[in-house]
Amino acid sequence: MRLRKGKGRKTDDRPEAEETSGLAVELRGVRRQYGRGSGAVHALAGIDLALPRGTFTAVMGPSGSGKSTFLQCAAGLDRPSAGSVRLGGTEITGMRENQLTELRRSRLGFVFQAFNLLPSLTVEQNVLLPMRLAGQRQDRRRAAEVLARVGLAHKARCRPGELSGGQQQRVAIARALVTSPDVIFADEPTGALDTGTATEVLGLLRQAVDALEATVVMVTHDPAAAAWADRVLFLADGVFAGGLDRGSAEQIAARMAALTSRTSAMAGVAA
Ligand SMILES: Nc1ncnc2c1ncn2[C@@H]1O[C@H](COP(=O)(O)OP(=O)(O)OP(=O)(O)O)[C@@H](O)[C@H]1O
Ligand SMILES: [Mg+2]
């Protein structure tokens with residue numbers, strides 16, 4: 001059993017039912033179709049998924065298998081064509097855009113491949129941005145705390161352009177952590193980093209799960225990155241095609257190779 005550490009969830013006013021569901025992310029029958037008729041693309045073709053709080057999940061799959069679409073739908077950045085998405089027990093399907101924006105700002109964190117920092121703001125201002133956008137008091141002590149956590153307390157006054165790629169991604173992680181989000185969604189967070197720097201960034205995501213009880217959902221192409229997760233889910237043609245718990249990088253790579261050869265063989269049959 002995991003210990004709850006220091007998030008003070010009891011003090012917020014979410015209904016009790018949400019707290020007891022124990023699920024951070026839940027998708028039921030989620031479909032996402034682009035276009036109509038014979039040219040339609042079924043990017044997600046029926047996704048069922050339940051991720052408990054305080055877990056680290058990696059999502060892998062061949063290019064075009066629907067990973068980014070999945071992440072966007074799960075994070076309320078895109079709307080499924082059918083099915084339901086619940087975050088921390090809250091049904092987000094059908095929510096109005098302003099409610100969704102509020103939920104994303106207060107309860108979700110995002111880390112993308114390209115860091116997405118604002119170049120004209122300092123590191124500290126970038127970290128404070130989610131609070132500023134949410135109209136909250138900009139808590140500089142909290143910013144200093146999360147910057148210290150990612151080892152960048154001394155860079156608070158720098159601009160992103162003065163930092164290395166790995167340092168910029170660590171700022172993006174500090175920004176994702178600043179609001180103590182329930183779920184952190186990461187799309188290829190180490191895609192632009194060398195192996196050593198990637199390891200640091202993955203260690204921080206792991207720490208967010210183990211020490212802060214965040215839930216992390218990370219899309220990656222890299223079996224070594226996926227091996228940091230508790231569980232790897234494999235996507236193929238818009239559906240989940242199995243999972244692997246606590247797999248090594250080698251085991252994950254072998255599963256991916258089997259999946260890729262299977263999907264390309266099926267594409268050959270369809271052609
Ligand atoms: N805006 C869009 N309009 C039409 N089709 C789209 C759109 N976005 C994605 N698709 C299609 O949906 C499918 C899934 O795309 P998605 O971006 O989710 O794949 P992915 O697994 O993230 O791939 P990659 O590893 O290359 O990033 C692909 O066939 C893609 O061409
Ligand atoms: Mg993608």
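This report describes the fold, the core, the ligand surroundings and a few single residues of a predicted model.

**Overall make-up**

The protein has 9 helices and 10 strands. Of its 271 residues, 41% count as buried. Among contacts between residues at least 6 apart in sequence, 69% join residues that are at least 24 apart.

**The sheet**

An open sheet is formed by 6 strands, in the order β6-β7-β8-β3-β9-β10, and its pairing is mixed. The edges are held by β6 and β10; each has a single partner strand, so one side of each is left without a neighbour in the sheet. On average, neighbouring strands of this sheet are turned by 20° against each other, direction ignored.

In general, strands of a sheet pair through backbone hydrogen bonds, either parallel or antiparallel. Both senses can be found here. Strand β7 pairs with β8 (residues 215–219) in the parallel sense over 5 bridges, and within this pair V183 has T215 in β8 as its bridge partner. Strands β9 (residues 231–236) and β10 (residues 239–245) pair in the antiparallel sense, over 5 bridges. In that pair V232 stands opposite L244 in β10. The two strands β9 and β10 form a hairpin with 2 residues between them.

Helices lie across the strands. Helix α2 lies across β3 (56–60), β7, β8 and β9, and runs at about 150° to β8. Helix α6 lies across β6 and β7, at about 170° to β6.

**The nonpolar core**

The largest nonpolar core has 71 residues, and those touching the most other members are A74, A174, F185, L205, V216 and V217. Helix α7 (residues 195–212) supplies the largest share of this core, 7 residues. Leaving out residues up to four places away in sequence, F185 touches L71, A74, A75, L108, F110 and V217.

**Around ligand 1**

The residues around ligand 1 are Y34, V41, A43, G61, S63, G64, S65, G66, K67, S68 and T69. Two elements, β2 (41–52) and α2 (67–74), each give two or more residues to this shell. Helix α2 gives the most, with 3 residues. By type, the shell divides into 3 nonpolar, 7 polar and 1 charged. Helix α2 is also the helix that lies across β3, β7, β8 and β9.

**Residues with positive phi**

Most residues other than glycine have a negative phi. The table lists residues with a positive value.

| Residue | Phi | Place |
|---|---|---|
| F115 | near 65° | loop between β6 (108–112) and α4 (123–133) |
| S180 | near 50° | loop between α6 (165–177) and β7 (183–187) |
| D237 | about 50° | turn of the β9 and β10 hairpin |

Are F115 and S180 buried or partly exposed? F115 counts as buried because it has 21 C-beta neighbours inside 10 Å. S180 has 18 C-beta neighbours inside 10 Å and therefore counts as partly exposed.

**T263 and its contacts**

T263 lies in helix α9 (residues 249–270). This residue is partly exposed, because 18 other C-beta atoms lie within 10 Å. Which residues does T263 contact, leaving aside its neighbours within four places in sequence? They are P62, A236 and D237. D237 is the turn residue of the hairpin listed in the table. T263 and P62 are 201 residues apart in sequence, but their C-alpha atoms are 8.2 Å apart in space.

Notes:
Residues numbered from 1 in each chain as written. Chains lettered and ligands numbered in written order. Predicted model: local features only at pLDDT ≥ 70, side-chain atom pairs only at ≥ 80, totals over all residues. Near = placed C-beta within 6 Å. Helix = DSSP H or I, 4+ residues; strand = E, 2+ residues; numbered from the N terminus. Nonpolar A, V, L, I, M, F, W, Y, C, P; charged D, E, K, R; others polar. Pairing = 2+ DSSP bridges. Buried ≥ 20, exposed ≤ 12 C-beta atoms within 10 Å, placed from the backbone. Contact = placed C-beta atoms within 7 Å. Core = buried A, V, L, I, M, F, W, Y, C linked by C-beta atoms within 7 Å. Axes fitted to C-alpha atoms, helices over the stretch in contact; angles between N-to-C directions.
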